[in-house]
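These entries record what I looked up in one structure. I went through backbone angles, charged pairs and surface patches in turn.

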Amino acid sequence: MTICKPGLTGVAALAATSAIIYLATRKPKKKDQPSYTNIPTALLNGPHAVELKLAVQLALAAGSNMNFHLDTKGTKEGENSEAKLGINIKQNDADFATKIDILNEELIIEGIKRYFPDHEIIGEESTGTGEVDSLTDKPTWIIDPIDGTTNFASGCCLTCVSIGLCVGGRPVMGVAFSPKTQELYLAIDGLGSYRNGERIHSTDKGITKTLQNSVVCFEFGYARSEEGVNDMVNAVGRILKYGCRSTRSYGSGVLDLCYVASGRLDVVYTGIAEEGWKPWDYCAAMVIAEEAGCTIRSLKGNDFDMDGKVLNDSRFDIYSKSMICGVNETVVQECRKVVLDMQ
């Protein structure tokens, strides 16, 4: 499996690596540690607790690398800040990486390899535009050093660091940190989902969510062909005509899923055209969403029966080219039928 090699050299590389290892291993004093970094006891006493603690420290460190640009964009201090990000185009102008994406991925990889040298790592920037490596039975970390890079480059606060862990070929742990909103999402398979140390749930008791009273999220992504654009726009049109409370497009797939997990959104979908997401968009956030009670499936896959009902014995594949996630099965099934024009 390909692992990216740090682009920093000499003293700079050593300093960066030393800083991240120090942060990941030291025991902070209480006054050093914001309340949102508290890890719930239920997670600390469960499986993968060591990996979770490391992932939290690495995510916080990577998030701190993002703050200067986010704080100063549009101010005198941040003059020409976007031009200084070293934007590197991938597939097209809508798909790019900044030097902070690359720095964050290097720091996270170095931290993981220090403590888990036998683990595999799949990173967005080390993969680039190539084929994503397949999962094996070996523990595998899947990382997105900055999810919502366009938001980050624009100075928008809806951007985050995502670190997930797969064991036996399935996601079992997720950490997502949004540095500007100071929200840390954590989950371990079977132990619940948390935001800033508080347990979160996708639904409120006493409220039945259907598509017509839902906030629906979609991301248009990188699709630019006439057919692809028409497919995406027409799907949104069908939702609006059918009826929903509102629509949103936040620009961060990981946060979209975290927001469904906490009830800020009711359903999110992707994959109508070639705008489907990648494993690093799903891995951590999928665990967070499922542990909060969400239903997540492949929008166009084999996760539904002939009547459009969710197959309960299926589980979402993070390599899927499409996805739909909702606060309950009802809204997932209803939204899917409208989006795919199956009425």
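I began with Gln 182 and looked up its accessibility in this predicted model: at 41% relative accessibility, Gln 182 counts as partly exposed. I placed Gln 182 in the loop between strand S6 (170-178) and strand S7 (183-188). Its phi is positive, about 55 degrees, although Gln 182 is not a glycine. I noted this because most residues other than glycine have a negative phi.

I then turned to Asp 341, a residue other than glycine whose phi is also positive, near 60 degrees. Asp 341 lies in the segment after helix H10 (329-339). I found Asp 341 exposed, with a relative accessible area of 52%.

Next I looked up the salt bridges and obtained a count of eight. One of them joins the side chains of Lys 180 and Asp 71, at 2.3 Å from N to O. Lys 180 sits in the loop between S6 and S7 and Asp 71 in helix H3 (residues 49-72), so this pair ties together parts that are 109 residues apart in sequence. I recorded Lys 180 as partly exposed at 33% relative accessibility, and Asp 71 as partly exposed at 46%.

I looked up a further salt bridge between Arg 264 and Glu 183, whose closest N and O atoms are 2.6 Å apart. The pair links distant parts of the chain, 81 residues apart: Arg 264 is in the loop between helix H8 (253-261) and strand S12 (267-270), and Glu 183 is in strand S7. Arg 264 is partly exposed, with a relative accessible area of 37%, whereas Glu 183 counts as buried at 11%. I noted that salt bridges sharing partners join Glu 183, Arg 195 and Arg 264 into one network.

For another acidic side chain, I asked whether Glu 105 is buried or exposed. Glu 105 is buried, with a relative accessible area of 0%. I located Glu 105 in helix H4 (residues 99-115). Its side chain reaches the backbone nitrogen of Ser 126 at 2.7 Å.

Finally, I examined surface patches. Glu 226, Glu 227, Asp 231 and Glu 274 form a negative patch. Of these, I checked Glu 227, which lies in helix H7 (residues 226-242) and is exposed, with a relative accessible area of 60%. A nonpolar surface patch consists of Phe 220, Val 229 and Val 233, with about 200 Å² of accessible area together. I placed Phe 220 in the loop between strand S10 (215-218) and H7, and recorded Phe 220 as partly exposed at 32% relative accessible area.

Notes
Residues numbered from 1 in each chain as written. Predicted model: local features only at pLDDT ≥ 70, side-chain atom pairs only at ≥ 80, totals over all residues. Heavy atoms only, no water. Patch = residues over 30% accessible without salt bridge, like charges linked within 9 Å, V, L, I, M, F, W, Y side chains within 5 Å. Areas by Shrake-Rupley, 256 points an atom, 1.4 Å probe, with all protein chains shown as cover. Salt bridge = Lys/Arg side-chain N within 4 Å of Asp/Glu carboxyl O. Lys, Arg positive; Asp, Glu negative; His and termini not counted. Charge placed at Lys NZ, Arg CZ, Asp CG, Glu CD. Helix = DSSP H or I, 4+ residues; strand = E, 2+ residues; numbered from the N terminus. Buried < 20%, exposed > 50% of the residue type's maximum accessible area, 1.4 Å probe, protein only. Polar contact = N/O pair within 3.5 Å; in protein donor to acceptor, adjacent residues only side chain to side chain.
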